[in-house]
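Biologist: Could you take a close look at one part of this model for me, and tell me how it sits among its neighbours?

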Amino acid sequence: MHNKKQKITNFDPSQPGLADATVFGLPFTAEESEIIIIPVPWEVTVSYGSGASEGPAAIFDASFQVDLLHQDFPELWKLGIYMDDAPAQWAKNSEKYKDLAQPIIEALENGEDLETFPALLEDLHKINTACRTLHTEVKEKVLFWQNKGKKVALLGGDHSTPLGYYEALATQHDSFGILHLDAHMDLRVAYEGFTYSHASIMYNTLQIPQVLKIVQVGIRDFCEQEVNVVKEAKGRVVVHTDADMKAKTFEGQTWKQQCEEIIAQLPQKVTISFDIDGMYPWYCPNTGTPVPGGFSFEQATYLLNLLAQSGKEIIGFDLVEVAPGENDDWDGNVGARMLFHMCGIFAKSQKLNVGNRIQF
């Protein structure tokens with residue numbers, strides 16, 4: 001790591017990021033970086049707004065505008081954050097199978113029975129197989145970097161993308177919980193026939209025995225089937241709806257008290273799944289399924305900071321559903337800043353040196 005020390009000495013974090021650099025304009029190689037981000041440009045089963053597969057590229061481009069001196073984690077940049085390359089076939093297959101999925105979604109929306117369309121049923125099988133292949137490849141990529149001693153995070157793509165990531169964590173940890181920030185429960189069973197739908201990610205995650213608990217925050221859109229899944233989970237899924245949280249706020253409970261309650265419900269080891277639509281829609285207006293309501297950027301970072309300070313171990317995170325707008329970089333900008341913050345709390349929880357908070 002002699003070369004890394006030289007790079008830190010010669011690098012000016014106050015200047016714009018290096019054009020030929022990795023994410024956030026940092027000068028480090030993968031080997032020199034403590035945190036590896038795996039981008040997964042995938043959105044095969046999107047049913048409303050699309051664009052999430054372009055999220056990683058939009059966040060990468062916007063990351064060069066992020067100032068590296070973070071008030072909470074001033075030394076974070078020195079650890080090295082590196083964005084891996086996604087295999088070319090991921091984006092290619094995402095396009096291919098997304099096109100294949102559209103007629104299936106249309107038929108279902110028109111009230112058709114897929115059993116009467118053998119060709120569509122065959123396509124559905126192909127899509128489910130392709131999604132399973134992706135999850136296996138993601139899992140292998142995560143384990144490849146973890147076996148090199150790296151802290152690994154995932155950047156989607158739609159919300160189906162972290163399943164292989166959780167499967168990888170399950171091979172490394174006997175048990176862990178998920179702090180799930182989202183507008184949706186994502187507990188639908190094979191939504192629209194797609195086993196690995198973005199709306200089914202947490203249902204599929206419940207099939208991993210090492211996942212002790214999912215604590216959901218910001219939920220404001222769900223169906224009867226999902227409520228039944230929560231009830232049948234008998235405490236394994238804890239739901240904090242946006243309406244309930246707002247009511248507590250209106251009745252005088254502080255955000256700090258609510259955060260402490262959420263953190264107390266999590267087991268010792270935690271991974272974070274952050275669907276960007278958990279926040280107020282003006283932060284990422286181009287996300288696929290925006291819902292009115294939500295929490296602010298600062299509420300989210302405050303909750304994450306408290307989690308990092310709580311003595312629980314953050315073993316990973318994923319950030320999903322950022323979709324760039326037609327003519328602006330706003331969604332990518334918000335996504336890049338949340339990604340940088342999440343790298344900070346991940347590093348801090350893992351006892352890496354991120355420096356002391358800057359006080360004014």
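**Strand 4 and its neighbours**

Modeller: Happy to! Strand 4 pairs with strand 5 (residues 211-219) in the parallel sense over six bridges; strands are DSSP runs of E of at least two residues, numbered from the N terminus, and two of them pair if DSSP finds at least two bridges between them. This is a predicted model, where local features need pLDDT of at least 70, side-chain atom pairs count only at pLDDT 80 or more, and totals for chains, interfaces and linings use all residues. Residues are numbered from 1 along each chain as its sequence is written, and side-chain values use heavy atoms, leaving out hydrogens and water.

Within the pairing with strand 5, Leu-179 stands opposite Val-215, and Leu-181 has Val-217 as its bridge partner. Strand 7 (residues 269-275) also runs parallel to strand 4, joined to it by five bridges; there, His-180 is partnered by Ser-273.

Now for the burial. Strand 4 spans residues 176-181, and six of its six residues are buried, meaning under 20% relative accessible area with a 1.4 Å probe, protein chains only. In a regular strand, side chains alternate between the two faces of the sheet. Here both faces are covered: Phe-176, Ile-178 and His-180 lie on one side, with Gly-177, Leu-179 and Leu-181 on the other.

Stepping back, strand 4 belongs to an open sheet of eight strands with parallel pairing, in the order 2-1-3-8-7-4-5-6. Its edges are strand 2 (81-83) and strand 6 (237-241), each pairing on one side only.

Technical notes. Buried < 20%, exposed > 50% of the residue type's maximum accessible area, 1.4 Å probe, protein only. Helix = DSSP H or I, 4+ residues; strand = E, 2+ residues; numbered from the N terminus.
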